[in-house]
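I wanted notes on the nonpolar core, a strand pairing and the pocket. The entries follow in the order I looked them up.

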Amino acid sequence: MHSTLIVARMSAHSADDVAELFTAFDETEMPHRMGTRRRQLFSYRGLYFHLQDFDAEDGGERIEGAKSDPRFVRISEDLKPYIEAYDPATWRSPADAMAKRFYEWSAR
């Protein structure tokens, strides 16, 4: 399994709106098209964390392929009033907001 973690800014009162947008998005076939196995959203003191687990290492490639889908474009636009780049000066795409894993452990 492959995971990504996007870090951004979000006010706590936006959580319900963001969850509603993702609920509608995840009820389509888009998560399957992107290879998303699980999505979890977290907030903490003005920060937004978007954890996605993928079935395979090609999750990033599959997302790239889905970016032109109107549903992907729409959710990206719909999230703009709620989610802000962590560092607007360096943000060009969600890849610029992905945390880098530096340690992993799992039970065997």
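I began with the largest nonpolar core (buried Ala, Val, Leu, Ile, Met, Phe, Trp, Tyr and Cys residues joined through side-chain atoms within 4.5 Å; buried is under 20% relative accessible area with a 1.4 Å probe, protein chains only). This core has 15 residues, and Val18, Phe22, Phe25, Tyr48 and Ile83 touch the most other members. Two or more residues come from each of α1, α2 (30-34), β3, α3 and α4; helices (H or I, at least four residues) and strands (E, at least two) are DSSP runs numbered from the N terminus.

The model is predicted: I took local features at pLDDT of at least 70 and side-chain atom pairs at 80 or more, with totals for chains, interfaces and linings over all residues. Numbering starts from 1 along each chain as its sequence is written, and side-chain values use heavy atoms without hydrogens or water.

I listed the contacts (heavy atoms within 4.5 Å) of Phe25. Beyond four places in sequence, they include Met30, Pro31, Arg71 and Phe72.

I then checked β2 (residues 36-44), which runs antiparallel to β3 with 8 bridges. Thr36 stands opposite Phe54. The hairpin has 2 residues between the strands, and Arg45 has a positive phi near 45°.

Last, I looked up the lining of the largest pocket. I counted 36 lining residues, with Ile6, Phe72, Ser76, Trp91 and Pro94 nearest the centre; lining means an atom within 4 Å of a point of the pocket, an open set on a 1 Å grid where a 1.4 Å probe fits, with protein on both sides within 12 Å along at least five of seven lines. α4 gives the most, 6 residues.

Methods: Buried < 20%, exposed > 50% of the residue type's maximum accessible area, 1.4 Å probe, protein only. Pairing = 2+ DSSP bridges.
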